[in-house]
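Visitor: Please take one part of this model and examine it closely. I should also like to know the cut-off behind each term you use.

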Amino acid sequence: MTIWHKILNFILPPRCVICGKILPEDKGLCDTCIREIEFLKSPVCHRCGQPLGEVAAEDNVHLLCGQCLQNKRKPFRLSRSAFAYDDFSKKLILDFKFYDHTELASLLAKMMFVAGNEIFKSGVDVIIPVPLHYTRLIWRKYNQSSLLGKELSELTGIEVNNSVLRKIRRTKSQVECKGFARLKNLQGAFGVKNGQLIKGKRVLLIDDVLTTGSTLKECTQVLKHAGAKSVDWLTVARTSI
Ligand SMILES: [Zn+2]
Ligand SMILES: [Zn+2]
């Protein structure tokens, strides 16, 4: 820690973004609040990461949820999320995404790293964060998914690429759209530049929250069209879908 950081921490000590308690280090959350988070603990569906509840899990057996057993065609190879998107974690995500609490990136990326264990074991060649349109990036100053990508890359040693996948068209916020309109809103919104960089590669697509999956699906389609061998999804949180 630089002397400037020490002075700054003395004047403005880092606080927990949820409860406001002063923290010994700038990690964003206190231990009490971390314990309040509903982590998606195993056993989870090997394919989509949905928690399976109380089932006897044997070692080395890949359990699947009912949905994945019935429907083998999923856009992703594997999908995982660190915790449930509920009223408690919503504040955390919003603070990270919109209110400059970028100090949370390191902690959230560590949680993603643990949740994505099976994905990393299966092999990943490149991490690609879901991009923002440049006009939104100017307004927001940073892309929360890129920050997570940088941290995950440092944890895993896997390269992160922020330029291949691009948001080429501005879209309405997905929250404003319902059902089919969500898919339509995103049609043609993403594009790939220098596609040869991902040809034949196993891509890990990362984002903050997985809700209906429309954004990740659209990005996956574009990446596969450009020649990606497989696409995995890893997010910080997910709603129960
Ligand atoms: Zn707290
Ligand atoms: Zn499943």
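Guide: A residue is termed buried under 20% relative accessible area, exposed over 50% and partly exposed in between, using a 1.4 Å probe and protein chains only. By this criterion, cysteine 45 and cysteine 68 are both buried. The model is predicted: local features require pLDDT of at least 70 and side-chain atom pairs count only at pLDDT 80 or more, whereas totals for chains, interfaces and linings use all residues. Residues are numbered from 1 along each chain as its sequence is written, chains are lettered from A and ligands numbered from 1 in the order in which they are written, and side-chain values use heavy atoms, with hydrogens and water left out.

The two cysteines belong to the site of the zinc ion (ligand 2), whose protein donors are the SG atoms of Cys45, Cys48, Cys65 and Cys68, lying 2.3 Å from the ion. A donor is an N, O or S atom within 2.8 Å of the metal (3.2 Å for Na, K and Ca); water is not among the atoms, so sites may look incomplete. The angles subtended by the four donor atoms run from 107 to 115 degrees, and the arrangement is therefore tetrahedral. Four donors receive that label if all angles lie between 85 and 135 degrees; four are square planar and six octahedral if opposite donors are over 155 degrees apart and all others between 65 and 115, and anything else is irregular. For reference, the ideal angles at a metal are 109.5 degrees for four tetrahedral donors and 90 or 180 degrees for six octahedral ones.

Along the sequence, the donor residues of ligand 2 follow the spacing C-x2-C-x16-C-x2-C. Cysteine 45, in the loop between helix H2 (31–36) and helix H3 (66–70), and cysteine 68, in helix H3, are 23 residues apart, and this pair links distant parts of the chain. Helices (H or I, at least four residues) and strands (E, at least two) are DSSP runs, numbered from the N terminus. Proline 43 is also found in the loop between H2 and H3, and the peptide bond leading to it from serine 42 is cis, with omega near 10 degrees.

The other zinc ion to consider is ligand 1, which is coordinated at 2.3 to 2.4 Å by the SG atoms of Cys16, Cys19, Cys30 and Cys33. Its four donor atoms subtend angles of 103 to 116 degrees, which makes this arrangement tetrahedral. The spacing of its donor residues is C-x2-C-x10-C-x2-C. Cysteine 19 and cysteine 30, 11 residues apart, are both placed in the loop between helix H1 (3–11) and H2, and the pair is one that links distant parts of the chain. Cysteine 19 has a relative accessible area of 44% and is therefore partly exposed, whereas cysteine 30, at 2%, is buried.

Two backbone details elsewhere complete the account. Aspartate 100 has phi near 65 degrees, a positive value in a residue other than glycine; aspartate 100 lies in the loop between helix H4 (87–98) and H5 and, at 40% relative accessible area, is partly exposed. Lysine 141, in the loop between helix H7 (134–140) and H8, also has a positive phi, near 80 degrees. With 60% relative accessibility, lysine 141 counts as exposed.
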